[in-house]
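Hi,

Here is the structure I promised to pass on. Have a look at it first, and then read my notes below.

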Amino acid sequence: NQVAQGNQTQADEVLQKLQHKVNKMKLILALAVGATAFGGFGKSAAPAPARGGGNQVAQGGQTVTNIQVPKIFTTAFGDPGRLQERAARAEAKKAEAEAQLIPTPARFAFAFGRPDILAERRAERLEKWQWSDEFLAKARPDKGNYGQGDVYDDGLTKLERTQIEQGREAYLTGGAKLRYKRLTGQI
């Protein structure tokens, strides 16, 4: 019994030592996995691509590529010559686009702060208000009245005159009714 109990105690000690080693190995494995997840142990798996050229498509991570990108698609920071060249190209393109545009007529242009456009609009407006011969002929029948004969302004409308001629006294009011009564001898 004592032998069996001694064997059992030895087995327990061996089991404890073995379990202790397994726990150490689990800890070491967990640390290794964690270290690789956060960048490794200071060593790279592959050499990082050189960033001196600035004409590579994939620049991040560990992607190695040799695809050459045209210079126009790369950044020009730190290169004043390329920046000025791009600005000049943009200005030339803008000037070419503006040359193809149809200029906005002055009547549709935004005229605030543009005295030339404002003066042109004012002259156009004043020209409309000038009394032309045609306007005077229409406004003053006594000046070129299109062969109507003598026209006297009695203040009556054309409708009132026709109603007086037809004898419709009921439709007349005011001065037209007085005129009708005077013509018919009622006054």
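**What I found**

Of the 187 residues in the chain, 11% are buried. Before you read on, please keep in mind that this is a predicted model.

Let's start with the overall picture. The chain has six helices and zero strands, so if you walk along from the N terminus you'll meet the elements in the order α-α-α-α-α-α. Contacts between residues 24 or more positions apart make up 1% of those with a separation of 6 or more. As for the surface, the chain exposes about 16700 Å², and 58% of that comes from carbon and sulfur atoms.

Now for the core. Which residues form the largest nonpolar core? There are five: Leu 156, Ile 164, Leu 172, Ala 176 and Tyr 180. As general background, nonpolar side chains in soluble globular proteins tend to be buried together.

Leu 156 is a good place to zoom in. You'll find Leu 156 in the loop between helix 4 (133–139) and helix 5 (158–166). Is Leu 156 buried or exposed? Its relative accessible area is 12%, and buried means under 20%, so Leu 156 counts as buried. If you skip the residues up to four places away in sequence, Leu 156 touches Arg 161, Ile 164, Gly 175, Ala 176 and Arg 179. Two of these partners, Ile 164 and Ala 176, belong to the largest nonpolar core along with Leu 156. Gly 175 is another partner worth a click: Leu 156 and Gly 175 are 19 residues apart along the chain, yet their C-alpha atoms are separated by 7.7 Å.

Two residues of helix 5 also caught my eye. Glu 160 is found in helix 5, and Gln 163 has its place there too.

- Glu 160 is buried but has no salt bridge. The nearest side chain of opposite charge is Arg 161, 7.4 Å away. A salt bridge needs the nitrogen and oxygen within 4 Å, so that pair does not qualify. Leaving out residues up to four places away in sequence, Glu 160 touches Gly 155, Leu 172 and Ala 176.
- Gln 163 is buried because its relative accessible area is 11%, under the 20% limit. Its contacts, again without neighbours within four places in sequence, are Arg 168, Tyr 171 and Leu 172.

Leu 172 turns up in both contact lists, and Leu 172 is also one of the five core residues.

Last, the charged pairs. How many salt bridges are there? The count comes to two.

- Arg 89 pairs with Glu 85, and their closest N and O atoms are 3.1 Å apart. Both lie in helix 2 (residues 80–100), four residues apart, which is about one turn of the helix. Arg 89 has a relative accessible area of 40%, so it is partly exposed, and Glu 85, at 44%, is partly exposed as well.
- Arg 114 and Asp 116 meet through their side chains, at 3.6 Å from N to O. Arg 114 has a relative accessible area of 39% and is therefore partly exposed. Asp 116 is partly exposed too, because its relative accessibility is 47%.

If you want a route through the model, try Leu 156 and its contacts, then Glu 160 in helix 5, and finish with the salt bridge between Arg 89 and Glu 85.

Cheers

How values were computed:
Residues are numbered from 1 along each chain as its sequence is written. This is a predicted model: local features need pLDDT of at least 70, side-chain atom pairs count only at pLDDT 80 or more; totals for chains, interfaces and linings use all residues. Side-chain values use heavy atoms; hydrogens and water are left out. A nonpolar core is a set of buried Ala, Val, Leu, Ile, Met, Phe, Trp, Tyr and Cys residues joined through side-chain atoms within 4.5 Å. Buried means under 20% relative accessible area, exposed over 50%, partly exposed in between (1.4 Å probe, protein chains only). Contact means heavy atoms within 4.5 Å. Lys and Arg count as positive and Asp and Glu as negative; His and the chain ends are not counted. Accessible areas come from the Shrake-Rupley method with a 1.4 Å probe; for residues, only the protein chains shown count as cover.
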